[in-house]
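Open the model in your viewer and colour it by chain. The stops below go from one strand outward to the contact between chains.

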Number of protein chains: 2
Amino acid sequence: MKLYDAAMPAPNPRRVRIFLAEKGLSVPLVPVSLAAGEHKQDEHRARNSLGQVPVLELDDGTAISETISICRYLEALQPQPPLFGTTPKEIGLIDMWIRRVEQQIGAHVGHVWINAHPYTERYAKTHGIQRYADFGDYSRGRALGGMTWLDREIAGRDYIAGDSYSMADIAALSIVDFAAFIGIEMPEDCAGLRAWHARVSARPSAQA
Amino acid sequence: MKLYDAAMPAPNPRRVRIFLAEKGLSVPLVPVSLAAGEHKQDEHRARNSLGQVPVLELDDGTAISETISICRYLEALQPQPPLFGTTPKEIGLIDMWIRRVEQQIGAHVGHVWINAHPYTERYAKTHGIQRYADFGDYSRGRALGGMTWLDREIAGRDYIAGDSYSMADIAALSIVDFAAFIGIEMPEDCAGLRAWHARVSARPSAQA
């Protein structure tokens with residue numbers, strides 16, 4: 001098994017590295033240079049036709065893409081400590097919170113990144129990707145609104161999906177940190193979200 | 001347990017009904033009228049602050065939102081027949097395909113619906129939602145491109161994630177049917193995707 005990986009600040013590869021650190025697992029990492037466009041070359045597209053990282057390649061050649069899916073595979077191989085829940089209720093709620101942080105914050109951050117961030121302007125131009133700057137700017141407000149919503153939702157609990165650290169925290173941490181990297185900081189008045197962020201950032205896995 | 005549900009053509013509630021039919025499960029359905037805006041009223045927002053359906057309410061009052069998360073909860077309660085996989089590899093690949101159809105097709109269809117479809121114009125106006133018609137029109141092409149990509153990807157197999165029907169087929173069917181409802185039909189030259197669509201639509205569960 002090996003993991004095709006990319007360096008920070010790419011948020012998706014980091015998710016899997018945090019997950020591995022929380023599990024105490026080690027998988028050989030194969031760096032893919034995003035700066036050199038290696039993820040869009042044929043060699044990598046044979047693993048993932050979408051030209052994205054990370055990709056987990058199994059010993060039989062099967063390639064699993066999508067961060068959450070890679071982590072689910074690893075959780076099925078090594079269930080302890082559980083990061084996707086063990087009871088039906090935990091399984092349902094953790095999955096719900098992964099999806100909620102992705103949709104209510106992550107998707108909007110992605111729209112800002114693709115449509116309105118200076119770093120992606122040249123890439124879009126050379127790859128024929130249309131950018132909608134107004135929509136990107138609007139998405140910034142949606143991302144901030146999503147953070148405010150999440151702040152209210154997690155009131156009174158230590159982690160995104162309940163009283164235990166889970167994959168939902170890893171998903172949210174990678175999104176919030178990438179948002180900050182592109183200039184979308186958690187609102188000042190989101191005290192609970194900020195306390196959560198400090199809590200999960202203090203775990204050794206957050207350095208992954 | 002009860003499921004807050006909404007009628008066709010809403011794609012998300014349908015997913016859970018298809019899943020229940022495939023499992024041979026029956027859960028009491030509580031209809032929520034989208035036309036009357038019941039999903040945005042306080043009573044429903046207490047179950048899901050995002051004002052969305054479906055929501056599965058457990059006997060202890062816990063509310064699980066997000067179609068895939070509801071189905072995962074039900075799968076954990078009743079594993080047979082498995083629709084999310086049983087081996088680590090199946091679990092990883094089915095999750096990957098659920099995410100891929102959602103991101104490569106579903107998200108774009110959603111952008112068309114919200115930004116460029118006449119049915120949502122009045123709703124957006126009364127709820128202060130900004131619409132970006134150019135982006136919506138562009139997303140139509142992205143949705144069609146996603147279908148063409150999926151057609152290539154599933155070449156040589158009967159179902160989205162492999163040789164067995166899975167949750168990825170349910171996700172894809174609900175997306176493709178909703179896309180058609182808003183005028184985004186599978187391209188004529190996507191013969192494999194069209195054959196897949198006919199195959200899964202012929203199952204009794206597709207009537208749910």
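In what sense do E1(A) and strand E2 (residues 29-31) of chain A pair, and over how many bridges? Select both: in this predicted model, E1(A) and E2(A) run in the parallel sense, paired over three bridges. A residue pair to label here is A:Asp5, which stands opposite A:Pro31 in E2(A).

Keep strand E1 (residues 2-5) of chain A selected and add strand E3 (residues 55-57) of chain A; these two pair in the antiparallel sense, over three bridges. On this side, label A:Lys2 and, opposite, A:Glu57 in E3(A).

Now add helix H1 (residues 11-23) of chain A. Together with E1(A) and E2(A), helix H1 makes a right-handed β-α-β unit.

Next, show the contact between the chains. Chain A and chain B each bring residues to the contact: 28 from chain A and 28 from chain B. On chain A, select strand E4 (63-65) and helices H3 (67-77), H4 (88-116) and H6 (133-153), each of which supplies at least two residues of the side that touches chain B. H4(A) gives the largest share of that side, nine residues. By type, the side of chain A that touches chain B has 14 nonpolar, six polar and eight charged residues.

Move to helix H3 (residues 67-77) of chain B, where nine of eleven residues are buried. Among the buried ones are B:Ile68, B:Cys71, B:Arg72 and B:Glu75. Their cover includes H4 of chain A, as well as H1, E3, E4, H4 and H7 of chain B.

Last, colour by confidence. Chain A has a mean pLDDT of 96, and the predictor gives the complex an ipTM of 0.97.

Terms used: Residues are numbered from 1 along each chain as its sequence is written. Chains are lettered from A and ligands numbered from 1 in the order in which they are written. This is a predicted model: local features need pLDDT of at least 70, side-chain atom pairs count only at pLDDT 80 or more; totals for chains, interfaces and linings use all residues. Two residues are in contact if their C-beta atoms, placed from the backbone, lie within 7 Å. Helices (H or I, at least four residues) and strands (E, at least two) are DSSP runs, numbered from the N terminus. Ala, Val, Leu, Ile, Met, Phe, Trp, Tyr, Cys and Pro count as nonpolar, Asp, Glu, Lys and Arg as charged, and the others, Gly among them, as polar. pLDDT is the predictor's confidence in each residue, from 0 to 100. A residue is buried if 20 or more other C-beta atoms lie within 10 Å of its own, exposed if 12 or fewer, and partly exposed in between; C-beta atoms are placed from the backbone. Two strands pair if DSSP finds at least two bridges between them. A crossover is right-handed if, with the strands pointing away from the viewer, the path from the first strand over the helix to the second runs clockwise.
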